[in-house]
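Welcome! Please take a moment to turn the model around before reading on, and keep it in view as we go.

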Amino acid sequence: GFGVIKAIREPALDDVEADLKSADVYFRSRMWPQVVQSLESVLAVRGKDVRTLDKLGQAYLELRDVRSFLRRAERFNHVPDVVVESYEEVIFLGNVHSELGRHRSAGELYERALAVRPGDSYAGYKVGRALQSQGRVREAMRYFNRSKEQSADFADAYFRIGQCLEELGDSSGAVMQYQTALDLLPNHLDGQ
C-alpha cells in the first residue's frame, strides 16, 4: 500500500496533487485516517473545495467522528454530500444539519430515519424537534406525543410537549408536562 503511495507522490507536479491522488487510493482502500490526513492537507492549501470537503465528510462519517465533521461543515459553511444508508448515519447527518440551523433539511433526514424505523420514539422525537425549530408547534406536538406513547419514560418528549403547550398559551398544561419530565428524570436541566 505505502509503496504505491510513494510511487504516486514522486512524479506528482505538486504536493496538493500528490495528496489528492493519495487520498483516492486510501479512499478505495477504506483507510479512513489516511484519507483524512491527505484531504486536510489539501484544504490547508486550497481552502474551501467542495469535492474535497465531500470526500473528507465521507471519511469522517466512516470514522464516526461527529466533532470533526461538524467543525468542517461550520468552518466552510458546507455540509458534505455524503452517502448515508443506515438509521444511525441518517440521524447523524440530521444532527449536523440541525446544529447548523438547517432545520428543514434536518427534519427531512429524521423523517427518513423514521421511515426506516417507524416505531422508533427517538426518530419521531427528532422530527418533532425539527418542526418545533421551524415554528410548526402543533405538528411538533403530535410527534412528541407519539414519542411518549412509544416510550413512556421519554422525559424530554414530555418537556418538549410542555414547551409547545406554553407557546400555544396553555400554561397549566405546560407545567404538568414539565413536572412529568422532572418526575421521570429529576436532573432534567431544562425541566427544572
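Is R46 buried, partly exposed or exposed? With a relative accessible area of 39%, R46 is partly exposed. Keep that residue in mind, as we will come back to it. What you are looking at is a predicted model, so every value here is computed from predicted positions.

Let us begin with the whole chain. The protein has 11 helices and 0 strands. Reading from the N terminus, you pass one α element after another, in the order α-α-α-α-α-α-α-α-α-α-α. Now look at the overall outline. The C-alpha trace spans about 75 × 30 × 25 Å along its principal axes. The radius of gyration of the protein is 22 Å, whereas a compact globule of 192 residues would have one near 16 Å.

How much of the protein is tucked away? Of its 192 residues, 48% count as buried. On the outside, the protein exposes about 10,500 Å², and carbon and sulfur atoms supply 48% of that area. The contacts can be sorted by distance along the chain as well: among those with a separation of 6 or more, 43% are between residues 24 or more positions apart.

Next, the charges. The protein carries 26 positive and 29 negative charges, and the mean positions of the two sets are 3 Å apart. Side chains of opposite charge can pair when their charged atoms come close. In this structure there are 9 salt bridges.

A good one to find is the salt bridge between R72 and E40, whose closest N and O atoms are 2.8 Å apart. R72 belongs to helix α5 (residues 66–76) and E40 to helix α3 (residues 32–46), so this pair ties together parts that are 32 residues apart in sequence. Neither partner has to be sought on the outside: R72 counts as buried at 16% relative accessibility, and E40 is buried too, with a relative accessible area of 18%.

For a salt bridge inside a single helix, turn to R160 and D156, where the closest N and O atoms are 3.4 Å apart. These two residues are 4 residues apart in helix α10 (residues 155–167), which means that about one helical turn separates them. Both R160 and D156 are buried. Elsewhere, salt bridges with shared partners join E17, R46 and D49 into one network. Here we meet R46 again: its side chain and that of D49 form a salt bridge with an N to O distance of 4.0 Å.

Let us return to α5, the helix that holds R72. Which of its residues are buried? They are S68, F69, L70, R72, A73 and F76. The buried residues of α5 pack against three other helices, namely α3, α4 (50–63) and α6.

Now follow the chain out of both ends of this helix. R64 sits in the loop between α4 and α5, and at 49% relative accessibility R64 counts as partly exposed. Although R64 and E89 are 25 residues apart along the chain, their C-alpha atoms are separated by 8.8 Å. The backbone of R64 is worth a look as well. Most residues other than glycine have a negative phi, and most peptide bonds are trans. The phi of R64, however, is positive, near 60 degrees.

On the other side, just after α5, you reach N77, which takes a positive phi of about 50 degrees although N77 is not a glycine. N77 is found in the loop between α5 and α6. There N77 is exposed, with a relative accessible area of 55%.

What about H78, which lies in the loop between α5 and α6 (87–99): is H78 buried or exposed? H78 is buried, with a relative accessible area of 16%. Leaving aside residues up to four places away in sequence, H78 touches K48, V50, L53, D54, R72, A73 and R102. Two names in that list, R72 and A73, are also among the buried residues of α5, and R72 is the residue that forms the salt bridge with E40.

Definitions and conventions
Residues numbered from 1 in each chain as written. Predicted model: local features only at pLDDT ≥ 70, side-chain atom pairs only at ≥ 80, totals over all residues. Heavy atoms only, no water. Rg over C-alpha atoms; globule rule 2.2 N^0.38 Å. Buried < 20%, exposed > 50% of the residue type's maximum accessible area, 1.4 Å probe, protein only. Contact = heavy atoms within 4.5 Å. Areas by Shrake-Rupley, 256 points an atom, 1.4 Å probe, with all protein chains shown as cover. Lys, Arg positive; Asp, Glu negative; His and termini not counted. Charge placed at Lys NZ, Arg CZ, Asp CG, Glu CD.
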